[in-house]
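Let's take a walk through this structure together, starting at the ligand and working outwards. Have the viewer open so you can click along as we go.

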Amino acid sequence: MAAKIAPSMLSSDFANLATEAERMVRLGADWLHMDIMDGHFVPNLTIGAPVIESLRKHTKAYLDCHLMVTNPSDYVEPLAKAGASGFTFHIEATKEYWQELIQSIKSRGMRPGVALKPGTPVEEVFSLVEAENPVELVLVMTVEPGFGGQKFMPEMMDKVRTLRKKYPALDIEVDGGLGPSTIDAAASAGANCIVAGSSVFGAPEPGQVIHILRKSVEQSQENN
Ligand code: DX5
Ligand code: ZN
């Protein structure tokens, strides 16, 4: 599994988003993680399709969109048009209709993923990974979604281990509190896609942090 290091642009200077995106790519980011929040599914409001569309004019990078919204299906068409690459919705918001949702994400040329909040059992996403039309990524939240800069929840690593054992080739992403001091726990549990906001943007040398995150994922894979 390729390591994908995804700086969370939520911690960037939104007033200079294009410059910040360019800087992250130059410093070694594989993906740019875009946190889309609707002020309803989570108690915070961030960006939507218009901002993705503006950013897309300035970068060719993979835009890894994390939808913390109550009605993700409303965002499929606008985000596809805006140039989103990955579309990761929350299972808690989509229990009844994830099959149609995955289908529509794929048919619009985006890569479907499913995210789960800390309180949601990992078993709830098995059927989405095993479906005829499956998700291609599972995002295990390691904080309560809504804000950057929170503390990593190590107890979520059981979910990552379970998923990695069951699905050796799946993209498993972790999000929340990741940085040099927590990456080894996530990487050794089997995560290969790493979202990091405050640890990257808050560092004097963000490129070094990106490098440390990648090395940890690569070393864990060599040891397995
Ligand atoms: C939180 C978001 C994260 C957040 C991570 O709800 O999903 O992507 O930006 O920020 P850090 O890495 O600072 O915990
Ligand atoms: Zn996120």
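What follows is a short tour of the ligand site and then of a ring pair. Keep in mind that this is a predicted model.

Start by zooming in on ligand 1. It occupies the space of the largest pocket, and 20 residues surround it. Ser 8, Gly 146, Asp 175, Gly 197 and Ser 198 are the closest of these.

Now look at the oxygen atoms of the ligand. One oxygen of ligand 1 sits 2.7 Å from a polar backbone atom of Gly 146. Asp 175 uses its side chain instead: a polar atom there lies 2.7 Å from an oxygen of ligand 1. His 66 also joins in, with a side-chain N or O atom 3.3 Å from a ligand oxygen. How much of the ligand does the protein cover? On its own, ligand 1 has 390 Å² of accessible area, and the protein covers 100% of it.

Next, colour the model by secondary structure. Strands β2 (31-37), β3 (62-68) and β8 (193-196) are the elements that give two or more residues to the shell around ligand 1. The largest share comes from β2, with 3 residues. Sorted by class, the shell holds 10 polar, 8 nonpolar and 2 charged residues.

Finally, turn to the aromatic rings. There are 2 aromatic pairs in the structure. One of them is Trp 31 with Tyr 62, a stacked pair with ring centres 4.5 Å apart and planes at 20°. Trp 31 belongs to β2 and Tyr 62 to β3, so to speak two distant parts of the chain, 31 residues apart, linked by the pair.

Methods
Residues numbered from 1 in each chain as written. Chains lettered and ligands numbered in written order. Predicted model: local features only at pLDDT ≥ 70, side-chain atom pairs only at ≥ 80, totals over all residues. Heavy atoms only, no water. Near = heavy atom within 4 Å. Polar contact = N/O pair within 3.5 Å; in protein donor to acceptor, adjacent residues only side chain to side chain. Areas by Shrake-Rupley, 256 points an atom, 1.4 Å probe, with all protein chains shown as cover. 1 Å grid on protein atoms, 1.4 Å probe; cavity = no way out; pocket = protein on both sides within 12 Å on 5 of 7 lines; lining within 4 Å. Sits in = over half its atoms within 2 Å of the grid points. Helix = DSSP H or I, 4+ residues; strand = E, 2+ residues; numbered from the N terminus. Nonpolar A, V, L, I, M, F, W, Y, C, P; charged D, E, K, R; others polar. Phe/Tyr/Trp six-rings, centres within 6.5 Å; stacked < 30°, edge-to-face > 60°.
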